[in-house]
Amino acid sequence: RKEYVDLYVNYVFNESVQKPFQNFMRGFIRGCPARNWKMFLPIELQVILQGQTTVDWHLLEKNVIYGLYNKTDQTIKDFWTVLHKLSEEKKKMFLVFWSGSDRIRGYQPKCFRFCIVDPQEENPDEVLPTASVCSLTFFLPR
């Protein structure tokens, strides 16, 4: 029985997936040649592909680009005050709302830029904040 189980496990986890994996690997190498990836250490490659798992919220605040706002506007000050008081889990949830991911894309977080824009609504009290994930823009009514 042990031999049967060993052979069956080997078939399920190795032999049965060998052809699909070879096809995948051939396509992946065609699109992303292995020689280009060899310059990275494994941890660097993981960060490039998956993004930064830790976020420096103060650095993120410094990198924000404001549209129709100034850094000194009361709405912006209040926004950052509230965000910095949130738990790390809630901050990450907000990052998902803002960017579509709970990680900072790319290897250098200091180059990562967000936009906070005033949507210029006639009655801002009736409008909820929204985000454009594609352009990393957060529309924050006054």
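How many bridges join β3 to strand β4, and in which direction do the two run? Let's find out together. Keep in mind that what you have on screen is a predicted model.

**Stop 1: the pair β3 and β4**

Select residues 130-132, which form β3, and residues 137-139, which form β4. Three bridges link these strands, and the two run antiparallel. To see one such pairing, click on T130 in β3: its bridge partner in β4 is F139. As background, strands of a sheet pair through backbone hydrogen bonds, either parallel or antiparallel.

**Stop 2: the whole sheet**

Now add β1 (65-67) and β2 (115-117) to your selection. You are looking at an open sheet of four strands, in the order β1-β2-β4-β3, and its pairing is mixed. β1 and β3 are the edge strands; each has a single partner, so one side of each has no neighbour in the sheet. Turn the view a little: on average, neighbouring strands here are rotated by 20° against each other, ignoring direction.

**Stop 3: a helix across the sheet**

Next, show residues 74-85, helix α5. This helix lies across β1, β2 and β4, and it runs at about 130° to β2.

**Stop 4: T137**

Return to β4 and pick T137, which sits in that strand. Is T137 buried or exposed? Its relative accessibility is 8%; buried means under 20%, so T137 counts as buried. Display its surroundings: leaving aside residues up to four places away in sequence, T137 touches W98, C115, V117, T130, A131 and S132. Then show S135 as well, because its side chain makes a polar contact of 3.0 Å with the side chain of T137.

**Stop 5: two cysteines**

One of the residues touching T137 was C115, so select that one now. With a relative accessible area of 21%, C115 is partly exposed. Then move to the loop between β3 and β4, where you will find C134. This cysteine is exposed, at 80% relative accessible area. The UniProt record, an unreviewed entry, lists C134 under "active site".

Are these cysteines joined or apart? A disulfide is a covalent bond between the sulfur atoms of two cysteines. A search of the whole structure finds zero disulfides. For C115, the nearest cysteine sulfur is that of C134, 13 Å away. Seen from C134, the nearest cysteine sulfur is that of C115.

Notes:
Residues numbered from 1 in each chain as written. Predicted model: local features only at pLDDT ≥ 70, side-chain atom pairs only at ≥ 80, totals over all residues. Heavy atoms only, no water. Pairing = 2+ DSSP bridges. Axes fitted to C-alpha atoms, helices over the stretch in contact; angles between N-to-C directions. Contact = heavy atoms within 4.5 Å. Buried < 20%, exposed > 50% of the residue type's maximum accessible area, 1.4 Å probe, protein only. Polar contact = N/O pair within 3.5 Å; in protein donor to acceptor, adjacent residues only side chain to side chain. Disulfide = S-S within 2.5 Å. UniProt positions renumbered as here; feature names shortened; annotations may be inferred.
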